[in-house]
Amino acid sequence: MNEPRESTLWDIWRWPVLLGLLTAVGLVGALFSDGGLGDLLAGLCLWAPALAGLWYGWGPRR
Amino acid sequence: MQAKTLKTWTWVHKWSSLVCTVFMLLLCLTGLPLIFHHELGHLLGTEVEAPSMPADTPRVSLDRVLEVARAQHPDRVVQFVSQSEDDPNLWFVTLTPTPAPTDDFRSVVVDARTGAVLGQPRFDQGFMWIMLKLHVDLFAGLAGKLFLGFMGLLLLAAVVSGAVLYSPFMRKLAFGSVRRERTTRLKWLDLHNLLGAVTLVWLFVVGGTGMINTWADLLIKYWQYDQLSSLLAPYQGQPTVPLAERGSVQRGLEVALQQAPGTQLSFIAFPGTAFSSPHHHTYFLRGSEAFTSRLLQPVLIDAKTTEVTAAPHLPWYLTALLVSQPLHFGDYGGRLMQIVWALLDILTIIVLGSGLYLWLAKRRGEARSTAAAGEDAPGAVTP
């Protein structure tokens, strides 16, 4: 039987890094936003990691 | 990663997490209602609202507001006066037995247009007060704050070491893999790794800013020693200015606002209190834009003459403290952010709880293996 292929550092970290960047943009962006669209975009950026956690953790089985 | 390096990071992750987990669970649980303190205040009836009046209704003098508040508690002194950020028609006056820092305070909310007392909410009792005190200092004052700050430092070590260990654990797994069909322990290990990875940056920022906030008292003391002491040298040796000798606080406010155009009042610290000197009313002004509204410009007004003594720029460490506050509280990006803050807090509780479970499950497994090895060992006593 074939052993599963070992992932590269890029394979392992690309999603956590992307979600981390979105988190950072949301956290910092809201500091400079005065309500409205800015708050909405910052909020959506922060929702991305939370939804990813919920989807993979408790979403439909793949 | 070499086996020895992996072992070292595992040791750091295990012990930093184990020591801080119980306290972090407490902070996450008590932080949850604090995210919604305004909403809960409305539900519990502790939020005070100003009656609606025409927008051009004239305002009473701040001196009158103080007179009204003092009349409610003649045995107390005013420590702070602040204007509500949500509604500038409300003045919050904080009164205490002496100017020294204390938990024994009364708040009087005065209508800025009529000078009427709108309420005296007790922020020092009830469910939210218990949550706040547990979250901030465990009812142990500065020692409690510093202890929680140290727990925050351990959390940061746990987050960093967890991130280092993520790679070796995920070498043969795709992102988001949760092996539900295998053992319970593996399922929770995968969930721990997944939720740890997605909340990594948020938890690092909230943990780090929480730790910085625990140093607030010390940073303010250092600022007074470092920068204010030279500005206040001419006043050295003079007692706290008695109430009867103080000039108009309203006039002081006008002078302070002239000194820093384009700002508005955040709060006023009275003579002898922790945020002022014995000889000044210190007016803390904030900017009018999104980011500058989180920063403060102190203006020291001589309590007798109502003239400006100094308007020093805040040093970098106090600016860092002020910026770290919204990043910890999550109260700066509207309702969408508030809800996701709570959700990320709950995910963090799961990360902490699963970490604890994994440690206990591993210990149980090790104990079982040791017992089995003991039974199989030559000379082992078997029933």
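B:Leu155 reaches beyond its sequence neighbours: leaving aside those within four places, it is in contact with B:Cys20, B:Met24 and B:Gly207. The model is a predicted one. B:Leu155 is also one of three residues, with B:Met24 and B:Leu194, that touch the most other members of the largest nonpolar core, which holds 39 residues.

**Nonpolar cores**

- Both chains feed the largest core: α1 (9-31) and α2 (36-58) of chain A each supply at least two residues, as do α1 (3-35), α5 (141-169), α6, α7 and α11 of chain B.
- The top contributor is α11(B), which gives seven residues to this core.
- Another core lies apart from it and has 29 residues.
- Among the members of that other core are B:Val65, B:Val109, B:Val249 and B:Leu285.

**Contact between the chains**

- Chain B puts 31 residues in contact with 30 residues of chain A.
- On the chain B side, the elements giving two or more residues are α6 (184-198), α7 (200-214), α10 (316-329) and α11 (334-376).
- The largest share of that side is seven residues, and α11(B) provides it.
- By class, the chain B side divides into 23 nonpolar, five polar and three charged residues.

**Domains of chain B**

- The domain assignment splits chain B into three domains.
- Domain 1 is written in three segments, 3-39 + 134-213 + 334-366.
- Domain 2 covers 53-130, and domain 3 covers 225-329.
- The C-alpha centres of domain 2 and domain 3 of chain B are 19 Å apart.
- Their contact takes 12 residues from domain 2 of chain B and 14 residues from domain 3 of chain B.
- On the domain 2 side, α3 (62-72) and β1 (77-83) of chain B are the elements that give two or more residues.
- β1(B) supplies the largest share of that side, six residues.
- The domain 2 side has seven nonpolar, four polar and one charged residues.

**The sheet of chain B**

- Eight strands of chain B make an open sheet with antiparallel pairing.
- The strand order is β4-β3-β2-β1-β5-β6-β7-β8.
- Its edge strands are β4 (117-119) and β8 (308-310) of chain B, and each of them pairs on one side only.
- From one strand to the next, the twist averages 30°.
- Helix α9 (residues 249-259) of chain B packs on the sheet and touches β5, β6 (280-286), β7 (296-302) and β8 of chain B.
- The direction of α9 makes about 45° with that of β6(B).

**Strand β1(B)**

- β1(B) is mostly covered, with five of its seven residues buried.
- β1(B) runs antiparallel to strand β2 (residues 90-96) of chain B, and six bridges join the two.
- A hairpin of six residues links β1(B) to β2(B).
- In this pairing B:Phe80 stands opposite B:Thr94 of β2(B).
- β1(B) also pairs with strand β5 (residues 264-269) of chain B, again in the antiparallel sense, over three bridges.
- Here B:Val81 stands opposite B:Ile268 of β5(B).
- In general, side chains in a regular strand alternate between the two faces of the sheet.

**Positive phi outside glycine**

- B:Leu138 is not a glycine, yet it has a positive phi of about 55°.
- B:Leu138 sits in the loop between α4 (127-136) and α5 of chain B.
- B:Leu138 counts as partly exposed because 17 other C-beta atoms lie within 10 Å, a count between the limits of 12 or fewer for exposed and 20 or more for buried.
- B:Thr306, likewise a residue other than glycine, has a positive phi near 55°.
- B:Thr306 is in the loop between β7 and β8 of chain B.
- B:Thr306 has 19 other C-beta atoms within 10 Å, so it is partly exposed.

Note on methods: Residues numbered from 1 in each chain as written. Chains lettered and ligands numbered in written order. Predicted model: local features only at pLDDT ≥ 70, side-chain atom pairs only at ≥ 80, totals over all residues. Domains from an automatic or database assignment. Contact = placed C-beta atoms within 7 Å. Helix = DSSP H or I, 4+ residues; strand = E, 2+ residues; numbered from the N terminus. Nonpolar A, V, L, I, M, F, W, Y, C, P; charged D, E, K, R; others polar. Pairing = 2+ DSSP bridges. Core = buried A, V, L, I, M, F, W, Y, C linked by C-beta atoms within 7 Å. Axes fitted to C-alpha atoms, helices over the stretch in contact; angles between N-to-C directions.
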